[in-house]
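Trainee: I should like to work through this structure with you, one question at a time. Please reason each answer out before you commit to it.

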Amino acid sequence: MGLGKSAAVVIGNFPLGESDSVVTFFSRDFGKIRGVAKSARRMPSKFGAALELLTLGELVFFDTGRSDLVRIDHFDIVRPFAAVRDDLQRLGETAWSAECIGRLTAERDPQRALYGLLVRILRSVEAGVPPRRAAVVFGVRCVDALGHRLRLDVCVTCGRRPAPGRDGIAVDVEAGGVVCAACATDDLPRVAPSTVTAFSRLRTLAWDEAVRVRLGTAEAELRALLDHHVSRLIGQPTRTTRFLREVARAPAGRS
Ligand SMILES: [Zn+2]
């Protein structure tokens with residue numbers, strides 16, 4: 001394949017040996033790409049701070065064809081998105097979006113819509129949109145873009161319009177949508193009817209309108225439901241949600 005070049009966002013980075021790093025990018029033109037950045041942890045390094053998580057840059061890599069890992073030749077910062085990393089909640093919510101993309105896409109599978117969503121959430125959070133709300137808007141679009149759109153209008157088991165039970169409306173992400181009280185089993189998560197309404201509404205709005213919607217109590221329910229959905233698709237809990245739970249438990253002022 002030889003030399004490749006694309007705009008890309010750093011979605012993962014771990015040390016390799018004494019001074020190298022293995023970096024995962026989500027690129028506009030090639031989808032997910034993993035590569036070795038030689039001497040990235042040596043000081044000074046030609047990569048500088050460019051390989052920090054969630055940095056957007058112009059990636060140049062060389063694919064030898066002999067390994068899944070490419071050789072990272074250059075990564076020049078286009079937008080550092082430093083502001084998303086200097087607050088733990090902003091970092092946690094945007095890293096969750098990177099984890100969704102990283103774990104739900106295959107390598108070298110270009111997904112332009114997902115790339116666009118990742119850049120959008122980073123721009124929005126940097127511009128001051130509340131991070132959890134931005135993550136909800138991202139999550140709704142991400143599962144749709146990956147082909148896992150939930151049916152919200154009728155019960156996926158019997159086809160009737162679900163009348164909410166006393167404890168809300170059940171959602172069966174594996175069956176593909178909401179379930180009426182008669183068909184629902186006890187183990188399914190429940191959300192308020194207003195949360196289902198907010199979910200539908202977020203799909204119809206453009207990104208910039210959607211991130212301005214005040215979701216109230218629906219925000220936490222939607223965030224939990226989306227994480228439940230993504231976790232089921234991955235087959236295990238998301239790492240970043242565990243991180244966010246720890247951030248929430250940490251004593252105030254110690255972030
Ligand atoms: Zn039913």
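Mentor: We may begin with the strand pairs, bearing in mind that the model is predicted. Asparagine 13 stands opposite valine 23, a residue of β2.

Trainee: To which strand do eight bridges join β1, asparagine 13 being opposite valine 23 there?

Mentor: Strands of a sheet pair through backbone hydrogen bonds, either parallel or antiparallel. Here β1 and the strand of residues 20–27 run antiparallel. The strand that holds valine 23 and is joined to β1 by eight bridges is β2.

Trainee: Which residue takes a positive phi in the hairpin of β1 and β2?

Mentor: Three residues lie between the two strands of this hairpin. The residue there with a positive phi, near 60 degrees, is glycine 17.

Trainee: What is the bridge partner of glycine 2 in β4?

Mentor: Strand β1, residues 2–16, is joined to β4 by eight bridges, and the two run antiparallel. In β4, glycine 2 has as its bridge partner aspartate 63.

Trainee: In which sense do β3 and β5 pair, parallel or antiparallel?

Mentor: Glycine 35 stands opposite valine 70 in β5. Two bridges connect β3 with β5, residues 70–79, and the sense of this pairing is parallel.

Trainee: In what order do the strands of the closed barrel run?

Mentor: The barrel has five strands, and its pairing is mixed. The antiparallel sense appears between β1 and β2, and the parallel sense between β3 and β5. From one strand to the next the twist averages 45 degrees. The order of the strands is β1-β2-β3-β5-β4.

Trainee: At about what angle to β1 does α2 run?

Mentor: Helix α2 lies across three strands, β1, β2 and β3. With respect to β1, the helix runs at about 115 degrees.

Trainee: Which residues of the largest nonpolar core touch the most other members?

Mentor: In soluble globular proteins, nonpolar side chains tend to be buried together. This core holds 65 residues, and at least three come from each of domain 1 (1–80) and domain 2 (83–255). Setting aside residues up to four places away in sequence, valine 9 touches Phe25, Phe26, Leu54, Leu56, Leu118 and Val119. The residues that touch the most other members are Val9, Phe25 and Leu118.

Trainee: Why do the buried residues of α8 line one face of the helix?

Mentor: The buried residues of α8, residues 239–249, are Thr240, Thr241 and Leu244. Seen down the helix axis, they line one face because their directions fall within an arc of 100 degrees.

Trainee: Which exposed residues are carried on the face of α8 turned away from its buried side?

Mentor: The cover over the buried residues of α8 includes α2 and α7. The face turned away from that buried side carries the exposed residues Arg242, Arg245, Glu246 and Arg249.

Trainee: Why does serine 39 count as partly exposed?

Mentor: Serine 39 is found in the loop between β3 and β4, and its phi is positive, near 60 degrees. A residue is buried at 20 or more C-beta neighbours within 10 Å and exposed at 12 or fewer. Serine 39 is therefore partly exposed, its number of neighbours inside 10 Å being 14.

Trainee: Which peptide bond is cis, with omega near -5 degrees?

Mentor: The proline concerned is found in the loop between β3 (31–37) and β4 (56–63). The cis bond is the one from methionine 43 to proline 44.

Terms used. Residues numbered from 1 in each chain as written. Predicted model: local features only at pLDDT ≥ 70, side-chain atom pairs only at ≥ 80, totals over all residues. Helix = DSSP H or I, 4+ residues; strand = E, 2+ residues; numbered from the N terminus. Arc of directions from axis to C-beta. Contact = placed C-beta atoms within 7 Å. Pairing = 2+ DSSP bridges. Axes fitted to C-alpha atoms, helices over the stretch in contact; angles between N-to-C directions. Core = buried A, V, L, I, M, F, W, Y, C linked by C-beta atoms within 7 Å. Domains from an automatic or database assignment.
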